[in-house]
Amino acid sequence: LITEQPRSEWRGIMIDCASEPQPLDVLLRAVELCRFYRVGPLHLRLGSDPSPSYTSAQLESLVAYGQLRGVQLMPELVLDRVAWSAADPARLMGELAEAFPHAPYLHLGSAQRLPEDMPPAAIRAQRAEHLALAQVVRGLGRTPVIWEDLAFGVAGVVPEDVIVLVRDG
């Protein structure tokens, strides 16, 4: 029986499967490391269609593996700007919630990093889309997570229940 607790509630790692797909056995080993070091959540950045990398059976086995070991998985769907504008983000979040039924957090993802020269109005519009999506995630009974570039600067104030992750920190 282990009674000590980590110093911080939020201690996680991220594996970017969208940029560089990883074999399932690598993800299973990552779950074991998270379990051993009591790190969570395991943040999985998935492409807009994870099926080329992982079958639904593989995703189900990964989710079950994490659940049995007490490791939280946090999925993030990575879409480029074109795919983001063409997609129905609310439907995608619902599918992500179904694929990861035990995940307390759903990362809202983002179009790729916001350009430095993006007009403030465009940043506010993208932030408004994400805050609306955060409402969808709350409706799914999950806690929304965003990247810090949508939380600061001209983007304004983010609700207290939205977790903000630092991209480069």
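Leu 44 is buried, with a relative accessible area of 1%. The model on the screen is a predicted one, and I will start from this residue and work outwards.

Where in the fold is Leu 44? Leu 44 sits in strand β2, which runs over residues 42–47. What does Leu 44 contact, once neighbours within four places in sequence are set aside? The list is Ile 15, Leu 27, Leu 62, Leu 73, Met 74, Pro 75, Glu 76 and Phe 100. Please keep Glu 76 in mind, as that residue comes back shortly. There is also a distance to note here. Leu 44 and Cys 17 are 27 residues apart along the chain, and their C-alpha atoms are separated by 6.7 Å.

Now to Arg 45, which is also found in strand β2. Is Arg 45 buried or exposed? The cut-off for buried is under 20% relative accessible area. Arg 45 has 11% relative accessibility, so Arg 45 counts as buried.

Which residues does Arg 45 touch, not counting those up to four places away in sequence? They are Met 14, Ile 15, Asp 16, Cys 17, Ala 18, Glu 76, Val 78 and Trp 147. Two names in that list carry charged side chains, Asp 16 and Glu 76. Before I go through them, one general remark: side chains of opposite charge can pair when their charged atoms come close.

Take Asp 16 to begin with. The side chains of Arg 45 and Asp 16 form a salt bridge, at 3.2 Å from N to O. Arg 45 is in strand β2 and Asp 16 is in strand β1, residues 13–16, so this pair ties together parts of the chain that are 29 residues apart in sequence. The contact between these two side chains is also listed as a polar contact, of 3.2 Å. Asp 16 itself is partly exposed, with a relative accessible area of 21%.

Then Glu 76. Its side chain meets that of Arg 45 in a salt bridge as well, with 2.8 Å from N to O. Glu 76 lies in strand β3 and Arg 45 in strand β2, so here the parts tied together are 31 residues apart in sequence. This pair, too, is joined by a polar contact between side chains, of 2.8 Å. How accessible is Glu 76? The value is 0%, and Glu 76 therefore counts as buried.

Put the two pairs together and you have a network: Asp 16, Arg 45 and Glu 76 are linked by salt bridges. If you are following on the structure, find Arg 45 in strand β2, then look for Asp 16 in β1 and Glu 76 in β3.

How many salt bridges are there by this rule? The count comes to seven. I will show one more of them. Arg 69 forms a salt bridge with Glu 32, and the closest N and O atoms are 2.5 Å apart. Arg 69 is in the loop between α2 and β3, whereas Glu 32 is in helix α1, residues 24–37, and the two are 37 residues apart. Both of these residues count as partly exposed, Arg 69 at 27% relative accessibility and Glu 32 at 25%.

Helix α1 has another arginine to mention, Arg 35. Arg 35 is partly exposed, with a relative accessible area of 45%. Not counting residues up to four places away in sequence, Arg 35 touches Arg 69 and Val 71. So Arg 69 turns up again, this time as a contact of Arg 35. Arg 35 and Gly 66 are 31 residues apart in sequence and 8.6 Å apart in space, from C-alpha to C-alpha.

The last part is about two helices. Helix α4 covers residues 89–99 and helix α5 covers residues 120–139. They pack at an angle of about 35°, and their axes are 10 Å apart. The crossing of α4 past α5 is right-handed. Which residues meet there? From α4 there are Pro 89, Ala 90 and Met 93, and from α5 there are Leu 133, Val 136 and Val 137. By class, this contact has six nonpolar residues, no polar ones and no charged ones.

Which residues of α4 are buried? They are Leu 92, Met 93, Gly 94, Leu 96 and Ala 97. Met 93 is thus among the buried residues of α4 and also takes part in the contact with α5. The buried residues of α4 pack against β3, β4 and α5. Strand β3 is where we found Glu 76, and that is where I will stop.

Note on methods:
Residues are numbered from 1 along each chain as its sequence is written. This is a predicted model: local features need pLDDT of at least 70, side-chain atom pairs count only at pLDDT 80 or more; totals for chains, interfaces and linings use all residues. Side-chain values use heavy atoms; hydrogens and water are left out. Axes are lines fitted to C-alpha atoms, for helices over the stretch in contact, and angles run from 0 to 180 degrees between N-to-C directions. Helices (H or I, at least four residues) and strands (E, at least two) are DSSP runs, numbered from the N terminus. A crossing is left-handed if the near helix is turned anticlockwise from the far one by less than a right angle, and right-handed if clockwise. Contact means heavy atoms within 4.5 Å. Buried means under 20% relative accessible area, exposed over 50%, partly exposed in between (1.4 Å probe, protein chains only). A salt bridge is a side-chain nitrogen of Lys or Arg within 4 Å of a carboxyl oxygen of Asp or Glu. A polar contact is a pair of N or O atoms within 3.5 Å; within protein, one must be able to donate a hydrogen and the other to accept it, and residues adjacent in sequence count only if both atoms are side-chain atoms.
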